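Please open the structure in a viewer and keep the sequence panel visible. The tour below proceeds by selection, one stop after another.

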Amino acid sequence: MSESAADKRSPKSVIRRFSEEVVNKGNFEVLSDLVHEDVRFDSSLAGVAPGIDGVREIFSALRGGFSDAACAIEELVADGELVAERFTFTGTHRSDFHGVPATGKRISMSGMAMFRVVDGRIAERWGVEDQLGLMRQLGALDRG
């Protein structure tokens, strides 16, 4: 049975599609279909432009730093327009990421995010990623 148009725009479906298309495949062409132009996208990966451009910056940096970047959704819970996600991000550090030169190390970073999906697009996201654990894995905390 095929998924209806309403099912494809449900909050959980939007988050699943965002994770698969944007994070895992680097398909930024779908951003305008999945994210409001003036989205509020708070993340522990700070210092980016506001709105959809900032979302593009965040995931371009992740995909640039980690050659095989992938996000596995561990749990997804929805209540109306709010969606809570628990995820694991993995990748191989092949290029500079936040000033840390490539190490070739395989990393795994856990995180959680809360999304607000309005009219089938992400309007807000608040997230926390284990940046300290990531930097430990990259050996960035061992530097003098």
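**First stop: strand E5 and its partners**

Select Phe41 together with Arg125 in E5, since these two residues are the starting point: Phe41 stands opposite Arg125. Residues are numbered from 1 along each chain as its sequence is written. This is a predicted model, in which local features need pLDDT of at least 70, side-chain atom pairs count only at pLDDT 80 or more, and totals for chains, interfaces and linings use all residues, while side-chain values use heavy atoms, with hydrogens and water left out.

Now display strand E1 (residues 35-42) and strand E5 (residues 121-129), which pair in the parallel sense over four bridges. Two strands are said to pair if DSSP finds at least two bridges between them. Helices (H or I, at least four residues) and strands (E, at least two) are DSSP runs, numbered from the N terminus.

Add strand E4 (residues 106-118), which is joined to E5 by eight bridges and runs antiparallel to E5. Within this pairing, Ala113 stands opposite Gly127 in E5. E4 and E5 form a hairpin with two residues between them.

**Second stop: two positive phi values**

Select Asp119, in the loop between E4 and E5. Phi of Asp119 is near 55°, a positive value in a residue other than glycine. Most residues other than glycine have a negative phi. Is Asp119 buried or exposed? At 68% relative accessibility, Asp119 counts as exposed; buried means under 20% relative accessible area, exposed over 50%, and partly exposed in between (1.4 Å probe, protein chains only).

Move next to His98, which lies in the loop between E3 and E4. His98 has a positive phi as well, near 50°, and is partly exposed at 49% relative accessibility.

**Third stop: charged side chains**

Return to Arg125 and show its side chain. Arg125 forms a salt bridge with Glu129, and the closest N and O atoms are 2.9 Å apart. A salt bridge here is a side-chain nitrogen of Lys or Arg within 4 Å of a carboxyl oxygen of Asp or Glu. Arg125 is buried, with a relative accessible area of 5%, and Glu129 counts as buried at 8%. Salt bridges that share partners also join Arg40, Asp42, Glu81, Arg116 and Glu124 into one network.

From that network, pick out Glu124, whose place is in strand E5. Glu124 is buried, with a relative accessible area of 15%. Its side chain makes a polar contact with the side chain of Arg116 (2.5 Å). A polar contact is a pair of N or O atoms within 3.5 Å; within protein, one must be able to donate a hydrogen and the other to accept it, and residues adjacent in sequence count only if both atoms are side-chain atoms.

Now select Arg106 and Asp68. They form a salt bridge whose closest N and O atoms are 2.9 Å apart. Arg106 lies in strand E4 and Asp68 in the loop between helix H4 (51-65) and strand E2 (70-79), so the pair ties together parts that are 38 residues apart in sequence. Asp68 is partly exposed, at 35% relative accessibility. How many salt bridges does a search of the whole structure find? The search finds 11.

**Fourth stop: helix H2**

Select helix H2 (residues 11-24), which has 14 residues. From its first C-alpha to its last, H2 reaches 19 Å, close to the 20 Å expected at 1.5 Å a residue; the expected span is 1.5 Å times one less than the number of residues. Because 10 of the 14 residues of H2 are buried, the helix is largely enclosed by the rest of the structure. Among the buried residues are Val14, Ile15, Phe18 and Val22.

Glu21 is buried at a relative accessible area of 17% and forms a salt bridge with Lys25, the closest N and O atoms being 3.4 Å apart. Glu20, also in H2, is partly exposed at 36% relative accessibility. The side chain of Glu20 makes a polar contact with that of Asn24 (3.3 Å). Residues three or four places apart in an α-helix point the same way, because there are 3.6 residues a turn. Glu20 and Ile73 are 53 residues apart in sequence and 9.5 Å apart in space, C-alpha to C-alpha. Just after H2, Gly26 takes a positive phi of about 70°.
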